[in-house]
Structures are given as structure tokens and as C-alpha cells.
Amino acid sequence: MELPDYVKAKQRSKNKELDEQYVFNSNLSTIGVGKKYFIKTYGCQMNEHDTENIKAMIEKMGYSYVDNYKEADLVILNTCSIRENAHNKAFGMLGRLKHLKEEKKDLIIGLCGCMAQEEGVISEIINKRKYVDFVIGTHNLHHLPEVLNKTISLNKQEIEVFSKEGNIVEGIPVKRDNPYKAYVNIIYGCDKFCTYCIVPFTRGKQRSRNPKDIILEVEELVKDGYKEVTLLGQNVNAYGKDFDYQYNMENLLEDVAKTGIPRIFFMTSHPWDFTDGMIDVIAKYENIMPFVHLPVQSGSSRVLKLMGRRYTKEEYITLFDKIRERIPGVVISTDIIVGFPTETEEDFNETLDLVEHCKYDSAYTFIYSPREKTPAAEFKEQIDESVKEDRLYKLNELINKYSLESNKKLENKTVSVLVEGEGTKKKILFGYTDTKKLINFPGDKSLIGKIVKVKVVDAKSWSLDGEYVGE
Ligand code: SAH
Ligand code: SF4
Ligand code: F3S
């Protein structure tokens, strides 16, 4: 048993991580034969991508997927710690699984993802939720087959959570959910330690993947017919800063663009590390999509300082305007937190002013949620829930107004769309534009998987309606 430890999780060593190759223990390949598994994913794209690895590892053990947890012999929750409601959802699901296990004694319940890295969660699982069979942390996810095997053969609760990140493990099998769009990890962990955020504790030190491995993965995806990659990391702009040679996000974007993959997205970008060179590369290559997710978090420089974001409102606006100016047709989205400790009405109004200036194409807005062991959770002046809710409501009204405006600008324009499938209505296809907008249009199923031209005929707040133009 190995339990999470926040003191270790917070440390940042100067050690260089090595690359390690994943090896599957073939003795475990029959454990799940004839059995079914279900997995539920919470949280960000990184977790979604981890789920694709989990699925492949579990299927190598002989399990087959079922989309109803009640029919499964093994249920895994891939959890998120970012806000209290993510916690509540996972705990709610664990409650349902407890009932299921009362009827189905052999059910195996596992938990992984960011919550596995939290001391409080683990002590609750050990003391109060003994029906959870195993927990595996984010740093040692590749041990999943071994841990699962141990739980089954020893018939006891197994908890294996490393608090220090280890080597970067290459070659973990992957079962991608989408045949056209793929996630590709480029950097793990985060060293920014924004004062509200738990990610640096749950995902460890910032570690960049070797460029060769990334390019090779994208080249394979091109060969397999993939049309789109999203380069993933908590802060992709910091890519390469941990190398002892000169190679950064700008270089990587350029090399990925040269593989010829038709569409490249990347996320998330911290405003701090966004360089002019990156802007130039995005503008230069047609296959790097004109879409930037640039979380601001607050429009008040005082609050930004307390958040540890390392930029002022003015610096953010300068960067924002530069990106808008230099990348033709760029769409910029953001993340905003309301009700951060000490946030006054004036601070909040500054956030509204900033939104008025930036007119974001879209935004994810959140109520501040205190997280275990983060500095902001200890701040004395926490904001009342009702005030937070009022601010969120006001902010969303403004955000929605600009999202609609951004979509309206596309009316009567022809956009490029990666067609993903047929919606609930027959003969109505759906896909995403090169700026990640959802679009529905009548068309033949043979277009699925292709990048086609569609004319926007109607724009709504959350989606577009279009007419097929041609390939
Ligand atoms: N690495 C990304 C963000 C990852 S978390 C970045 O730095 O931009 C996604 C979003 O969740 C954050 O941008 C932030 O807006 C929000 N978030 C993080 N911690 C939060 C907390 N404690 N309460 C509310 N929202 C939070
Ligand atoms: Fe969290 Fe800040 Fe790191 Fe983003 S940059 S993951 S908000 S600590
Ligand atoms: Fe959540 Fe962990 Fe992602 S906390 S947002 S799943 S990195």
C-alpha cells in the first residue's frame, strides 16, 4: 500500500526524468476474459485521454466494455479534484456502486485520477468506503493491470498512489474514442501553483515529453487516417522548458504542422508563457487552427496577484489584442473564476469590463471552490455562496451575449467542418468548425470523417446550423 503525501507532492526536484517503455505483463491477459467493465470519466481532456489508456490496458486483460455500469463486473471511476462538485459527483457514483455491490458481491470498484492523489479522499476510502477495491494514482496509472490483479487475487483493498512523479512512460496502449480526432499529451504536470488550484499536487512536476515521441505519435495518427490532434497539457506553452537543449512550444507546433495532419489544436495556454514566436507560427501554418484558449481567471490585477497568476489585467489585454490582431479569424476562449477570496464588487466589475473589452467567443465560468491544502482555501475572507452565485449569473449573461455575437458573425459565411457523425435526427450531420464551433447540417453519411465546406445559415448561442457546400 502506498498513500498520497502532500509534502512530497509539492516538492519540485531538479532530477531529470527518463523515458521508460510500458511493458504489459502477458500473464494477466486472461484475468478479465468473459467479464465486462465500465468506466466513468470526470474532469479535463487529460483525464479523458487517460481513460483511453485505461480502456486499452483493461481490454488487454480480456475485459470487454459495457456502457451500463449495472451490467459490469469491474467499474472504474476516473476522477477530478478541481472543484467540490466534481468530488460530489464521484462520491455520489460511489454511493450507487455500494448499493450495486450489495447485490453483486463480486463487483470490483476502482478509483483513479486526481482524487486518488488527495490525502483526504484516501483516508475516507480507507476508513469509510471499504467497498472500494482499489485506488491507483495519476503517476503510476500504468500499473493498473498489476494493481487490479492484486486486488482480485488477494481479495483486499489495494491503494497504490505515488506522490512523486516518476519517469515519463511511453508506449502505454490506447483505445481512442474518436476515429478522426486524437488527444496527444505533450507535457505532464504543472509548476505554476496558482493559489486556488490543486492540479500541481495531483499531477506533479512539469515534465515535457520528448519531441521525437510526439512527432512519431502524430505521424502514426496521420497514417491511420486521423484528421485532427489536440496537443494536451496543463500549460502547453511551458513545453520544453525542462529540456537541457533549446526546443520549445514554437518549435513543436511547427514540427507537428509539418507532419501534414490537417488540424492542430493545443490546450491549455497560460498567458505567462505565450510568446510572439508562437503567435507567428500559429498564423503561418494553415493546419494550426486559429483557436486559442487563454484563461484569464479575473479582470482585477489585485485578485490576479492573490491568485498567483503572474500577469496584470493590462498585460493580459496586451497579449490578447496581439493574438487577435496577428492571427486572422482567431477565436479566443477563456476561463473565469468568480468569488475568489476577498473579491469585492469592484474587482468583479473589473472582470465584467475585461469581458466587455475582449468579447470572448466563449468562456467557461466557475464559482471559486476551496481545495484541500491550497493557499487560497486558508484565506480568511471567503465570499458568501449567494454572492458568488449572483456574480456567476451576471457574468454568464454577458458571456452568452458575446458567444451569440461571435456565432452571428459567421452567418452566411462558409466554414470548414470536420464531420463527426449523424445526430439524433436522421440525415442531419454534426461536426466542428476550425474554431471548435458545433455545427449541424443536412448531409449524407458518406461525409462522416471528412473535412468539408459548410455555409452557416443560422447562428445560435451554442451551435450553428448550416448547408453543405462541397468538399
Ligand atoms: N491549466 C489550466 C487550467 C486547468 S483547470 C490553466 O491554467 O489555465 C481549468 C479551470 O478550472 C481553470 O482555468 C480555472 O478557471 C478553474 N479552476 C481551477 N481551480 C479552481 C477552483 N479551486 N475553483 C474554481 N475553479 C477552479
Ligand atoms: Fe492550475 Fe494554474 Fe497550473 Fe492551470 S496553471 S493547472 S490553474 S496551477
Ligand atoms: Fe480535474 Fe485533474 Fe484535470 S483535477 S481538471 S482531472 S488535471
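T268 sits in the loop that runs between β13 (263–267) and α9 (276–284). In this predicted model, the peptide bond leading from M267 into T268 is cis, with omega near 10°. A second backbone feature concerns N155, which is not a glycine but has a positive phi of about 55°. The points below cover the backbone, the second largest pocket, and the surroundings of ligand 1 and ligand 3.

**Backbone**

- The cis peptide bond joins M267 and T268, and T268 belongs to the loop between β13 (263–267) and α9 (276–284).
- N155, with its positive phi, is placed in the loop between α5 (144–154) and β7 (158–160).

**Second largest pocket**

- The second largest pocket holds about 770 Å³ of space.
- Its lining is made up of 34 residues, and those closest to the centre are N53, V169, I172, N185 and Y188.
- Two or more lining residues come from each of α2 (45–60), β8 (168–170), β10 (187–188) and α7 (211–223).
- The largest contribution to the lining is that of α7, with 5 residues.
- By class, the lining of this pocket has 12 nonpolar, 11 polar and 11 charged residues.
- The pocket lies between domain 1 (6–160) and domain 2 (179–408), because both domains give residues to its lining.

**Ligand 1**

- Ligand 1 is surrounded by 15 residues, of which Q234, P295, Q297, D335 and S369 are the closest.
- D335 also has a polar side-chain atom 2.6 Å from an oxygen atom of ligand 1.
- For R83, a polar side-chain atom is 3.0 Å from an oxygen atom of the ligand.
- For R309, the distance between a side-chain N or O atom and an oxygen atom of ligand 1 is 3.4 Å.
- On its own, ligand 1 has 540 Å² of accessible area, and the protein covers 90% of it.
- β15 (331–338) and β16 (362–367) each give at least two residues to the shell around ligand 1.
- That shell consists of 7 nonpolar, 4 polar and 4 charged residues.

**Ligand 3**

- The surroundings of ligand 3 consist of C44, N47, C80, S81, I82, C114, R203 and Q234.
- The shell around ligand 3 divides into 4 nonpolar, 3 polar and 1 charged residues.
- Q234 is named both among the residues around ligand 3 and among the closest residues to ligand 1.

Methods:
Residues are numbered from 1 along each chain as its sequence is written. Chains are lettered from A and ligands numbered from 1 in the order in which they are written. This is a predicted model: local features need pLDDT of at least 70, side-chain atom pairs count only at pLDDT 80 or more; totals for chains, interfaces and linings use all residues. Side-chain values use heavy atoms; hydrogens and water are left out. On a 1 Å grid over the protein atoms alone, a cavity is a set of points where a 1.4 Å probe fits but cannot get out, and a pocket is an open set with protein on both sides within 12 Å along at least five of seven lines; lining residues have an atom within 4 Å of a point. Grid points are joined across faces, edges and corners, and a volume is the space filled by probe spheres set on the points. Helices (H or I, at least four residues) and strands (E, at least two) are DSSP runs, numbered from the N terminus. Ala, Val, Leu, Ile, Met, Phe, Trp, Tyr, Cys and Pro count as nonpolar, Asp, Glu, Lys and Arg as charged, and the others, Gly among them, as polar. Domain bounds come from an automatic or database domain assignment. A residue is near a molecule or strand if one of its heavy atoms lies within 4 Å of it. A polar contact is a pair of N or O atoms within 3.5 Å; within protein, one must be able to donate a hydrogen and the other to accept it, and residues adjacent in sequence count only if both atoms are side-chain atoms. Accessible areas come from the Shrake-Rupley method with a 1.4 Å probe; for residues, only the protein chains shown count as cover.
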